[in-house]
Structures are given as C-alpha cells and as structure tokens.
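User: I would like to learn how to read strand pairing and salt bridges from a set of coordinates. Could you take me through one case?

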Amino acid sequence: VRRHPQETLVDRLDRECLRTSRDLPMSTLKKFLGQKLSYQPYSHFQILTFAGGKGVILDDSITIGDVQRDIADATEGALVIHFRIFPAN
C-alpha cells in the first residue's frame with residue numbers, strides 16, 4: 001500500500017507491505033490508513049490500483065481478492081495499491 005506519488009496531505013506508511021485477508025474490503029483499508037496516518041475522516045481516502053496502464057479508483061465494497069482477480073494488472077506477486085486524499089482541501 002503506497003502513497004500516491006502526487007499526494008502531499010498525508011505521510012507514507014512506515015511499512016508499505018501488508019499481509020491481509022483477500023476478503024478485506026477497501027472501506028476497512030481506509031479505516032486502517034486513517035488510524036495509522038492520524039487522518040480523519042477516513043472517507044476522504046481514495047484507493048487506486050492500475051489496470052491497463054491506467055489508474056482505477058476502487059469502491060469501498062470491493063475486496064483485495066476482487067482487485068487481484070478481476071481488476072489489477074498484477075497476476076502474481078505483490079499487489080500494489082495506492083492511496084490519496086480526495087477531496088483535496
């Protein structure tokens with residue numbers, strides 16, 4: 001889980017690599033990011049991945065497994081997910 005390259009409102013995570021269940025929804029990931037980065041409201045986090053060379057914004061109900069299976073370019077190895085704050089203040 002990496003900070004979006006253009007994000008300036010929140011810091012990077014100390015550890016970008018997370019081990020989690022495939023059933024984890026993006027809404028829970030947003031809450032985790034908010035707690036780790038001391039940012040509220042959690043709903044301002046936007047979670048993205050890349051598919052076909054383009055960024056795809058992930059809905060709160062989509063799970064890590066859904067992203068890896070159906071959306072992201074990565075078929076094997078680490079799944080890279082980016083976060084940013086939206087709306088930017």
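User: To begin with the sheet, which residue in S4 does Arg3 stand opposite?

Analyst: Arg3 stands opposite Phe83 in S4. Before going further, please note that this is a predicted model, in which local features need pLDDT of at least 70 and side-chain atom pairs count only at pLDDT 80 or more, while totals for chains, interfaces and linings use all residues. Residues are numbered from 1 along each chain as its sequence is written, and side-chain values use heavy atoms, with hydrogens and water left out.

User: How are strands assigned and paired, and in what order do the strands of this sheet lie?

Analyst: Helices (H or I, at least four residues) and strands (E, at least two) are DSSP runs numbered from the N terminus, and two strands pair if DSSP finds at least two bridges between them. Here four strands form an open sheet of mixed pairing, in the order S1-S4-S2-S3. S1 and S3 are the edge strands, each pairing on one side only. S1 and strand S4 (residues 82-85) run parallel and are joined by two bridges.

User: What counts as a salt bridge, and how many does the structure hold?

Analyst: A salt bridge is a side-chain nitrogen of Lys or Arg within 4 Å of a carboxyl oxygen of Asp or Glu, and the structure holds four of them. In one of these, Arg2 pairs with Glu16, the closest N and O atoms being 3.2 Å apart. This pair links distant parts of the chain, since Arg2 is in strand S1 (residues 2-3) and Glu16 is in the loop between S1 and helix H1 (26-36), 14 residues apart.

User: Are the partners Asp60 and Lys30 buried or exposed?

Analyst: Buried means under 20% relative accessible area, exposed over 50%, and partly exposed in between (1.4 Å probe, protein chains only). Lys30 counts as buried because its relative accessibility is 9%, whereas Asp60, at 36%, counts as partly exposed. Their side chains meet in a salt bridge (2.6 Å, N to O). Asp60 lies in the loop between strand S3 (54-57) and helix H2 (64-71) and Lys30 in helix H1, so the pair ties together parts that are 30 residues apart in sequence.

User: How far apart in helix H2 are Arg69 and Asp66?

Analyst: Arg69 and Asp66 are three residues apart in helix H2, and are therefore separated by about one helical turn. Salt bridges that share partners join Asp66, Arg69 and Asp70 into one network. The side chains of Arg69 and Asp66 meet at 3.0 Å, N to O; Arg69 counts as exposed at 56% relative accessibility, and Asp66 as partly exposed at 24%.
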